[in-house]
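Student: I would like to learn how to read a protein model from the bench side. Could we go through one feature at a time?

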Amino acid sequence: METKFEAVFCIVNAGFSDDVMFAARKAGAAGGTIIKGRGTAPLEAERLFKITVQPEKEIVLLLVPQEIKDKVLQELYHSVGLDNAGQGIVFSLPVDKALGLSKPPEKKSDQ
């Protein structure tokens, strides 16, 4: 049986990617990739939503089994403060095919 995957993207202000990875692992994700980025927003949006856009961003890309995607999204939303305006966003996209993935070693029962 082939495992279906989802790509979860979490975009946060620079310096918060470790918090994202901690929360994602707590929800069952194995690991991720951190990509440096730069955000922009129109001044009108900053005034309307009463936020200041920090231009330096970190994008955390996680490839997770489809069955834990919702748990990962919810954990990131609540644990990383994404429920506060301007703190970041998280979203997922379906993955049609993934190659080069290895199954993590199973834990021994005495650990």
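**Reading the model**

Tutor: K69 is buried, with a relative accessible area of 18%. Keep in mind that this is a predicted model. The side chain of K69 meets that of D70 in a salt bridge, at 3.5 Å from N to O.

Student: Why does K69 count as buried?

Tutor: Buried means under 20% relative accessible area. K69 has 18%, so it counts as buried.

Student: Before more side chains, what is the order of the elements from the N terminus on?

Tutor: The elements run β-α-β-α-β-α-β. That gives three helices and four strands.

Student: How much of the protein is buried?

Tutor: The protein has 111 residues, and 28% of them count as buried. The accessible surface comes to about 8100 Å², with 54% of that belonging to carbon and sulfur atoms.

Student: How should I read contacts along the sequence? What share of them join residues at least 24 apart?

Tutor: The share is 75%, taken among contacts between residues at least 6 apart in sequence. One pair shows how sequence and space can be compared: D96 and K4 are 92 residues apart in sequence, and their C-alpha atoms are 8.0 Å apart in space. D96 lies in the segment after strand 4. With a relative accessible area of 76%, D96 is exposed.

Student: Now the core. What is the general idea?

Tutor: In soluble globular proteins, nonpolar side chains tend to be buried together. Here the largest nonpolar core has 18 residues, and L62, V72 and L76 touch the most other members. Two or more residues come from each of strand 1 (5-13), helix 1 (17-26), strand 3 and helix 3 (69-79). Helix 1 gives the most to this core, with four residues.

Student: Which residues is V72 in contact with, leaving aside its neighbours within four places in sequence?

Tutor: V72 is in contact with V8, A27, L62 and V64. One of these, L62, was named with V72 among the members of the core that touch the most others.

Student: Where on the surface is there a nonpolar patch?

Tutor: I89, F91 and L93 form one, with about 250 Å² of accessible area together. L93 sits in strand 4, which covers residues 88-95. How accessible is L93? At 42% relative accessibility, L93 counts as partly exposed.

Student: Next, the charged pairs. What is the general idea there?

Tutor: Side chains of opposite charge can pair when their charged atoms come close. The structure holds four salt bridges. One of them joins the side chains of K26 and E75, at 3.4 Å from N to O. K26 is in helix 1 and E75 in helix 3, 49 residues apart, and the pair links distant parts of the chain.

Student: Are K26 and E75 buried or exposed?

Tutor: K26 is exposed, with a relative accessible area of 55%. E75, at 18% relative accessibility, counts as buried. Residues up to four places away in sequence aside, E75 touches A23, K26, A27 and V80.

Student: What about the salt bridge of E56 and R38?

Tutor: The side chains of E56 and R38 meet at 2.9 Å, N to O. E56 lies in strand 3 and R38 in strand 2 (residues 33-38), so the pair ties together parts that are 18 residues apart in sequence. E56 counts as partly exposed at 40% relative accessibility, and R38 counts as exposed at 62%.

Student: Last, how do I read a buried acidic residue such as E58?

Tutor: Look at accessibility, then at polar partners, then at contacts. E58 is found in strand 3 (residues 56-65), and its relative accessible area of 5% makes it buried. Its side chain has a polar contact of 2.9 Å with the side chain of K36. A polar atom of the E58 side chain also lies 3.1 Å from the backbone nitrogen of G15.

Student: Which residues does E58 touch, not counting residues up to four places away in sequence?

Tutor: E58 touches C10, I11, V12, N13, A14, G15, F16, S17, I34, I35 and K36. Both polar partners, G15 and K36, appear among these contacts.

Technical notes. Residues numbered from 1 in each chain as written. Predicted model: local features only at pLDDT ≥ 70, side-chain atom pairs only at ≥ 80, totals over all residues. Heavy atoms only, no water. Patch = residues over 30% accessible without salt bridge, like charges linked within 9 Å, V, L, I, M, F, W, Y side chains within 5 Å. Areas by Shrake-Rupley, 256 points an atom, 1.4 Å probe, with all protein chains shown as cover. Buried < 20%, exposed > 50% of the residue type's maximum accessible area, 1.4 Å probe, protein only. Polar contact = N/O pair within 3.5 Å; in protein donor to acceptor, adjacent residues only side chain to side chain. Contact = heavy atoms within 4.5 Å. Core = buried A, V, L, I, M, F, W, Y, C linked by side-chain atoms within 4.5 Å.
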